[in-house]
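This report describes selected features of the structure shown below. It takes up the surface, the interior and one loop in turn.

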Amino acid sequence: MTTADPRSLLYRQLDPARAVDLARQALSRCDDGELYLQFTASEMFGFDDGRLKTADYSRDAGFGLRGVSGEMTGFAHANEISEGAIARAAQTLE
């Protein structure tokens, strides 16, 4: 069994270097902040008397962008990890 690089799940539609550039641009006028990327996959199997009765698989991905300026904190998030979604979230910090 081969193990995939977990970063490949986060960066399917967004290059890691581009994610850093987007975060740097979005947070350029902030005192502090972060871009948080998330990917979760889960499987569930339910057995009854040794027989498979239910099976479920789910995947969730998204990001959070937080900017802090003085006493003010701005936060935006989306369920899509893409350049366009991060750029739209960055507009909330302006």
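## Surface patch

Phenylalanine 45 has a relative accessible area of 48% and is therefore classed as partly exposed, since that class lies between the limits of 20% for buried and 50% for exposed residues. The model is a predicted one. Within it, phenylalanine 45 belongs to strand 1, which spans residues 32–48.

Together with Phe47 and Leu52, Phe45 forms a nonpolar patch on the surface, with an area of about 350 Å².

## Nonpolar core

The largest nonpolar core comprises 16 residues. Those that touch the most other members are Leu14, Leu27, Phe63, Leu65, Ile86 and Ala89. At least two residues of this core come from each of helix 2 (16–26), strand 2 (51–69) and helix 3 (83–91). Helix 3 makes the greatest contribution, with 4 residues.

Leucine 14 may be considered in further detail. When neighbours within four places in sequence are set aside, its contacts are Ala19, Leu22, Ile81, Ser82, Glu83 and Ile86.

## Loop between strands 1 and 2

Aspartate 49 is located in the loop that lies between strand 1 and strand 2. Its relative accessibility is 77%, so aspartate 49 counts as exposed, the threshold for that class being over 50%.

The backbone of this residue also merits attention. Aspartate 49 has a phi near 55°, a positive value in a residue that is not glycine. For most residues other than glycine, phi is negative.

Terms used:
Residues are numbered from 1 along each chain as its sequence is written. This is a predicted model: local features need pLDDT of at least 70, side-chain atom pairs count only at pLDDT 80 or more; totals for chains, interfaces and linings use all residues. Side-chain values use heavy atoms; hydrogens and water are left out. Patches are made of residues with over 30% relative accessible area and no salt bridge: like charges are joined within 9 Å, nonpolar side chains (Val, Leu, Ile, Met, Phe, Trp, Tyr) within 5 Å. Accessible areas come from the Shrake-Rupley method with a 1.4 Å probe; for residues, only the protein chains shown count as cover. A salt bridge is a side-chain nitrogen of Lys or Arg within 4 Å of a carboxyl oxygen of Asp or Glu. Buried means under 20% relative accessible area, exposed over 50%, partly exposed in between (1.4 Å probe, protein chains only). A nonpolar core is a set of buried Ala, Val, Leu, Ile, Met, Phe, Trp, Tyr and Cys residues joined through side-chain atoms within 4.5 Å. Contact means heavy atoms within 4.5 Å.
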